[in-house]
Amino acid sequence: SVSLDYTLPQWALSPNEEVNVIQIIREALSNALHHSQADAVKILVTNQADNKVQIQVRDNGIGIQDDPRKTSHYGLTIMQDRSESLGGTVSVKRVEPSGTCVELEFTPQTCSELGS
């Protein structure tokens, strides 16, 4: 099962940001489906107090290995590239008691433009 908690205003993201966010979420969901043995995934999309957007994709599966860079994980590289194009960061980490959390954080263009 997949649940979504989306609390951003409708205008918060540019079309380019939407595409990159959707593709990062898609990759995280694909990893949960194909690798984690999870039966539940929660997607959280929230606006932080510092005008940053935070997206978390958490599953309840077996968890990612401690150092995923030791093997070829093209999806992780693609998520990293997409997050950098947003001027943000992405992290992928094991969570306790079980599962993986992919977290993306960036400042949307609309907030950057308002601050300049």
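A salt bridge, as I use the term today, is a side-chain nitrogen of Lys or Arg within 4 Å of a carboxyl oxygen of Asp or Glu, and by that criterion the structure in front of you holds one salt bridge. What we are looking at is a predicted model, in which local features need pLDDT of at least 70 and side-chain atom pairs count only at pLDDT 80 or more, while totals for chains, interfaces and linings use all residues. Residues are numbered from 1 along each chain as its sequence is written, and side-chain values use heavy atoms, with hydrogens and water left out.

Let me begin with the overall fold. The chain has three helices and five strands, where helices (H or I, at least four residues) and strands (E, at least two) are DSSP runs numbered from the N terminus. Read along the sequence, these elements follow the pattern β-α-β-β-α-β-β-α. Of the 116 residues, 38% count as buried, and here buried means under 20% relative accessible area, exposed means over 50%, and partly exposed lies in between, with a 1.4 Å probe and protein chains only. If we take contacts, meaning heavy atoms within 4.5 Å, between residues at least 6 apart in sequence, then 63% of them join residues at least 24 apart.

Back to the salt bridge, then. Which side chains form it? They are those of Glu 27 and Arg 26, which meet at 3.4 Å, N to O. Glu 27 counts as buried at 13% relative accessibility, whereas Arg 26 is partly exposed, with a relative accessible area of 42%. As a general point, side chains of opposite charge can pair when their charged atoms come close.

That brings me to Asp 59, which is found in strand β3, residues 53-59. Asp 59 is buried yet has no salt bridge, and the nearest side chain of opposite charge, that of Arg 58, is 9.1 Å away; for this purpose Lys and Arg count as positive and Asp and Glu as negative, while His and the chain ends are not counted. A polar atom of the Asp 59 side chain does, however, lie 2.8 Å from the backbone nitrogen of Gly 61. Leaving aside neighbours within four places in sequence, Asp 59 is in contact with several residues, among them Ala 32, Ser 36, Ser 98 and Thr 100.

Ser 36, one of those partners, lies in helix α1, residues 15-36, and is buried, with a relative accessible area of 6%. A polar atom of the Ser 36 side chain lies 3.1 Å from the backbone nitrogen of Ala 38. Beyond four places in sequence, the contacts of Ser 36 include Asp 59, Gly 61 and Ile 62.

Ser 36 also takes us to the largest pocket, which has a volume of about 280 Å³. Of the 17 residues that line the largest pocket, the closest to its centre are Asn 31, His 35, Ser 36, Ile 64 and Thr 100. The largest share of that lining, five residues, comes from α1, and α1, β3 and β5 each supply at least two residues. For the method, on a 1 Å grid over the protein atoms alone, a pocket is an open set of points where a 1.4 Å probe fits, with protein on both sides within 12 Å along at least five of seven lines, and lining residues have an atom within 4 Å of a point.

Next, Glu 103, which lies in strand β5 and is buried, with a relative accessible area of 18%. A polar contact of 2.6 Å joins the side chains of Glu 103 and Gln 56, a polar contact being a pair of N or O atoms within 3.5 Å, where, within protein, one must be able to donate a hydrogen and the other to accept it, and residues adjacent in sequence count only if both atoms are side-chain atoms. Glu 103 and Lys 93 are 10 residues apart in sequence and 8.5 Å apart in space, C-alpha to C-alpha.

Finally, some backbone details. Where is the cis peptide bond that involves Pro 97? The bond runs from Glu 96 to Pro 97, with omega near 10 degrees, and Pro 97 is found in the loop between β4 (89-94) and β5 (100-106). Gln 37, in the loop between α1 and β2 (41-47), has a positive phi near 60 degrees although it is not a glycine, and counts as exposed at 64% relative accessibility. Asn 51, in the loop between β2 and β3, likewise has a positive phi, of about 70 degrees, and counts as partly exposed at 40%.

Methods:
Grid points are joined across faces, edges and corners, and a volume is the space filled by probe spheres set on the points.
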